[in-house]
Amino acid sequence: SRTTVRLALQELEKQGYIYRQHGKGTFVSDLSKQATNLSGTYSFTEQMISLGKVPVTKILEFKVVEANKYLASQLSVSLGERLYKLKRLRSADGQAMMVERSYLPVKKFMTLTQEMLEQKPLYDLFSQDFEQKIRIANEEFFASIAKAKDAAQLEIPEGSPVLNLVRTTYNTENEIIEFTLSVARADQFRYKITHVRHQENT
């Protein structure tokens with residue numbers, strides 16, 4: 001029956017085996033190619049290229065804001081310190097994948113402009129234009145549901161399952177140079193982590 005088929009498709013979508021595109025139809029996901037390895041510093045651009053996809057980044061917002069209590073604690077800066085707020089829509093092969101909100105301390109990137117961000121990946125700007133070398137990036141992720149604004153930008157219904165990612169990036173001086181909050185489509189991302197056990201000598 002149609003009801004049985006509809007329920008089966010909903011379950012397959014929840015598990016990531018299929019995905020839907022509004023106005024286009026339902027498609028089978030390639031799970032083996034969509035697994036993202038979190039064992040190294042994650043770059044959306046590099047990851048999509050490695051999967052054979054064409055990444056596109058659209059800057060939705062770029063402005064200077066003052067650090068509120070929450071952002072000040074996350075970036076280890078003073079309350080009211082000037083931060084760049086960068087909001088980007090990340091797509092691959094024409095499919096919206098992720099909305100990112102990044103915060104950077106202005107004092108570390110004084111001459112940063114939107115034009116620079118449109119021409120070069122953020123991490124390339126860090127190293128090549130501002131001499132900021134990444135030492136480590138801590139990232140945590142958790143399941144959630146899409147709020148109305150993010151859902152519209154990701155082209156999914158409000159309340160759809162999404163993956164929230166929180167990343168804190170440190171330079172070689174152990175200073176936080178990036179704090180990013182991301183919302184990713186759950187039907188487009190599957191994360192893979194490799195754990196390596198080091199044998200101790202006895």
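Biologist: How many bridges join S6 to S9, and in which sense do the strands run?

Modeller: Six bridges join them, and the strands run antiparallel. This is a predicted model. Two strands pair if at least two bridges link them. Six bridges are found here, so S6 and S9 count as a pair. One bridge sets Met 98 opposite Ala 184 in S9.

Biologist: What order do the strands of the open sheet have?

Modeller: The order is S4-S5-S6-S9-S8-S7, six strands with antiparallel pairing.

Biologist: Why are S4 and S7 said to stand at the edges?

Modeller: Each has a single partner strand, so one side of each is left without a neighbour in the sheet. From one strand to the next, the twist averages 15°.

Biologist: What packs on the sheet?

Modeller: Helix H6 does, touching S5, S6, S7, S8 and S9. The direction of H6 makes about 165° with that of S9.

Biologist: How do you know that S5 pairs with S4 and S6?

Modeller: Count the bridges. S4 and S5 share 11, and S5 and S6 share 10. The cut-off is at least two, so both count as pairs. Both pairings are antiparallel. Lys 58 stands opposite Leu 89 in S5. Ser 91 has Ala 96 in S6 as its bridge partner.

Biologist: What lies between S5 and S6?

Modeller: Two residues, and the strands form a hairpin. Asp 93 in the turn has a positive phi of about 55°.

Biologist: What makes S5 mostly covered?

Modeller: In S5, residues 82–92, 10 of the 11 residues are buried.

Biologist: Why is Asp 187 called buried?

Modeller: Its relative accessibility is 9%. Buried means under 20%, so Asp 187 qualifies. Asp 187 is found in the loop between S9 and S10.

Biologist: What makes the link between Asp 187 and Arg 185 a polar contact?

Modeller: Their side chains are joined at 2.6 Å. The limit is within 3.5 Å, so the distance fits.

Biologist: Which residues have the most contacts inside the largest nonpolar core?

Modeller: That core has 15 residues, and Tyr 84, Leu 104 and Phe 109 are among those with the most contacts inside it. S5, H5 and H6 each give two or more residues. H6 gives the largest share, four residues.

Biologist: Which residues does Tyr 84 contact, leaving aside its neighbours within four places in sequence?

Modeller: Its contacts include Phe 62, Val 64, Leu 104, Phe 109 and Leu 112. A second, separate core of 12 residues includes Val 65, Leu 75, Val 77 and Tyr 103.

Key. Residues numbered from 1 in each chain as written. Predicted model: local features only at pLDDT ≥ 70, side-chain atom pairs only at ≥ 80, totals over all residues. Heavy atoms only, no water. Buried < 20%, exposed > 50% of the residue type's maximum accessible area, 1.4 Å probe, protein only. Polar contact = N/O pair within 3.5 Å; in protein donor to acceptor, adjacent residues only side chain to side chain. Core = buried A, V, L, I, M, F, W, Y, C linked by side-chain atoms within 4.5 Å. Contact = heavy atoms within 4.5 Å. Axes fitted to C-alpha atoms, helices over the stretch in contact; angles between N-to-C directions.
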